[in-house]
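Please load the model in a viewer and keep the sequence panel open beside it. The tour proceeds from the whole chain to individual residues, with a selection suggested at each stop.

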Amino acid sequence: MSVPEPSIRHRTDRHVTHLTLDRPEALNALTPDGRDRLIALLGEASADPGVRAVILTGAGRGFCAGADLRGGAARGERVAGDVARTLRLGAQRLVAAVLDCEKPVIAAVNGTAAGLGAHLALACDLVLAAESARFIEVFVRRGLVPDGGGAYLLPRLVGPQRAKELMFFGDALTAPDAERLGLVNRVLPDGELDKTARDWATRLAAGPTRALALTKQLVNASLESDRATAFAAEAAAQEINMTTRDAQEGVASFVERRATDFRGR
């Protein structure tokens, strides 16, 4: 029996790109084609000056159950190097597409986020979770090492001991517990998740897009930089940013005591 083709719904409205994983019958598990499509859509959003924020969510009762392991590619005899190559070109490239997207990416986690699905959410800049959401480091249950950037992301978010606890036991983490650990920005009633995600994205889309991109870049790099490198990067980013129309508008609006009119450039 063949695995159904993945589906990712996407639309851009008022400078916000909405990406919805749409395989609800499989809890939006990602097949290779679906993963590659999502990478492409994130790249398009990053490069499109008409896009100023991104919302990523799932259809149905789950956000993303991770990589779809039902296909033959997950089993059978392998040639040395196949697994590492697959990860570099697949799950790791997907997480990198979120981290490197030049627009703010909001995860609206509407249900189970497991394995790669959890790492996909945690790579986003802001994470909103419905009360019914759960985050599961499911790899240990399958006898696997965490992949999709998990051992990179989790310790930076919760510290090494908490990361090991989550990865060693593979227990489901509720949305309130995820918020307590700092994995989630807000926990919301299920019926308010979409509205809050839209409200946040609308605010971001009205902001200084290039300044937000540079801020994202600085913060993402900060945990791997010494102070001198971080300060130099900050100064260079501000130098670049001051050439933008939005930076000039921000200063002018302050001096003139009026509302800002950022245009994303």
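## The whole chain

With the cartoon displayed, the chain shows 11 helices and 10 strands. Its radius of gyration is 19 Å, close to the 18 Å given by the globule rule for 265 residues, so the chain is as compact as a globular protein of that length. This is a predicted model. Along the principal axes, the C-alpha trace spans about 65 × 40 × 35 Å.

Colouring by accessibility comes next: buried residues make up 43% of the 265 residues. If contacts are drawn for pairs with a separation of 6 or more, 68% of them join residues 24 or more positions apart.

## The hairpin of β1 and β2

Select residues 8-13, which form strand β1, and residues 16-21, which form strand β2; the two strands pair in the antiparallel sense over 6 bridges. One position to display is H10, whose bridge partner in β2 is L19.

Now move to the turn, where 2 residues lie between the strands of this hairpin. Which value does phi of R14 take there? For R14, phi is positive, at about 55°, although the residue is not a glycine. R14 lies in the loop between β1 and β2, and its relative accessible area of 75% is over the 50% cut-off, so R14 is exposed.

Select H15 as well, which is placed in the loop between β1 and β2. Phi of H15 is also a positive value in a residue other than glycine, near 70°. The relative accessible area of H15 is 39%, and H15 is therefore partly exposed.

## The nonpolar cores

Hide the surface and show side chains in the interior. The largest nonpolar core has 47 residues, and the members that touch the most others are L38, V109, L120, F135 and L183. Centre the view on V109: leaving out residues up to four places away in sequence, V109 touches F63, A121, V127, L128, A129, A130, A133, F135 and L193. A second, separate core has 14 residues, including A53, I106, A108 and L204.

## Strand β6 and T112

Select residues 112-114, which make up strand β6 and contain T112. Is T112 buried or exposed? Its relative accessibility is 16%, below the cut-off of 20%, so T112 counts as buried. Beyond its neighbours within four places in sequence, T112 is in contact with R61, G62, F63, C64, R134 and I136. F63 can be kept on display from the previous stop, where it appeared among the residues touched by V109.

## Helix α9 and Q217

Select residues 209-222, helix α9, in which Q217 has its place. Q217 counts as exposed because its relative accessibility is 53%. Add D100 to the selection: the C-alpha atoms of Q217 and D100 are separated by 7.8 Å, while the two residues are 117 residues apart along the chain.

## Aromatic rings

How many aromatic pairs does the ring-pairing rule count? The count comes to 0. The last selection is Y152 together with R156. R156 lies over the face of Y152, at 3.9 Å from the ring centre.

Key:
Residues numbered from 1 in each chain as written. Predicted model: local features only at pLDDT ≥ 70, side-chain atom pairs only at ≥ 80, totals over all residues. Heavy atoms only, no water. Phe/Tyr/Trp six-rings, centres within 6.5 Å; stacked < 30°, edge-to-face > 60°. Lys NZ or Arg CZ within 6 Å of the ring centre and 35° of its normal. Core = buried A, V, L, I, M, F, W, Y, C linked by side-chain atoms within 4.5 Å. Buried < 20%, exposed > 50% of the residue type's maximum accessible area, 1.4 Å probe, protein only. Contact = heavy atoms within 4.5 Å. Pairing = 2+ DSSP bridges. Helix = DSSP H or I, 4+ residues; strand = E, 2+ residues; numbered from the N terminus. Rg over C-alpha atoms; globule rule 2.2 N^0.38 Å.
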